[in-house]
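Me: Can you walk me through this one? Short answers are fine.

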Amino acid sequence: MTANPALLLASSSPFRRELLGKLRLEFTHQSPDIDESRLDGETPTELVIRLAQEKATALAEQHPNTLIIGSDQVAVLGDTVLGKPGTREKAIEQLSVASGQRVTFLTGLCLLNTATGRTQTACEPFHVQFRTLQPAQIERYVDLEQPLNCAGSFKSEGLGIVLFKALEGRDPNSLIGLPLIVLTEFLAEEGIQLPL
């Protein structure tokens with residue numbers, strides 16, 4: 001192949017677009033329309049890998065000769081999956097439960113080559129130790145940042161950093177929703193050695 005295939009980010013997230021922009025690659029983005037419900041008996045790791053793969057696959061037919069990036073994230077506290085809260089009340093509840101706790105964020109990644117059908121998938125963990133938060137702090141944070149569409153009810157790329165005591169993981173980008181270290185490895189497997 002003389003030219004690199006087109007690159008498509010299967011996401012509507014401006015944060016994922018900003019992260020992918022760090023790699024200085026030309027790409028387009030499109031939001032896939034998939035059901036993100038968890039299946040019975042599905043582990044959090046299985047869930048994020050499946051959803052990342054479904055996001056990429058949902059756009060495959062429309063985009064031949066394309067590398068499609070799908071990504072999905074959940075927050076896990078003990079045996080509980082903390083998804084996107086959707087409401088102010090649920091965000092306050094999630095952050096109240098996370099207060100003083102260690103929460104693991106699992107980010108699923110899929111790179112699908114629609115020309116060859118090759119699929120690469122991974123799950124990147126990242127751990128967040130929350131400070132002990134007061135109810136008024138949590139309410140102020142939620143009202144200021146409005147993290148209603150964010151797994152775990154915070155935006156680490158914004159004011160969410162004030163909620164944390166410590167961060168632990170190999171790729172801080174995965175906390176925002178796109179693990180660039182693994183993605184760079186996947187792209188290398190497709191013959192794209194960065195930087196270009």
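Me: What phi does Gly100 take, just after α3?
Reply: A positive one, about 75°. This is a predicted model: local features need pLDDT of at least 70, side-chain atom pairs count only at pLDDT 80 or more, and totals for chains, interfaces and linings use all residues. Residues are numbered from 1 along each chain as its sequence is written, and side-chain values use heavy atoms, with hydrogens and water left out.

Me: Which residues are buried in α3?
Reply: Ala91, Ile92, Gln94, Leu95 and Ala98, in a helix that spans 88–98. Buried means under 20% relative accessible area, exposed over 50%, partly exposed in between (1.4 Å probe, protein chains only). Helices (H or I, at least four residues) and strands (E, at least two) are DSSP runs, numbered from the N terminus.

Me: What covers them?
Reply: The cover includes β3, β4, β5, β6 and α4. Contact here means heavy atoms within 4.5 Å.

Me: Where is Ser153?
Reply: In the loop between α4 and β7. Ser153 is buried, at 0% relative accessible area. Among the residues Ser153 touches, leaving out those up to four places away in sequence, are Pro85, Leu95 and Tyr141.

Me: New topic. How many salt bridges?
Reply: The structure holds 13. Each puts a side-chain nitrogen of Lys or Arg within 4 Å of a carboxyl oxygen of Asp or Glu.

Me: What does Lys55 pair with?
Reply: Glu36, with the closest N and O atoms 3.9 Å apart. The pair links distant parts of the chain, 19 residues apart. Lys55 is buried at 6%, while Glu36 is partly exposed at 36%.

Me: Which residues share a network with them?
Reply: Asp72 and Lys84 are linked with Glu36 and Lys55 in a network of salt bridges.
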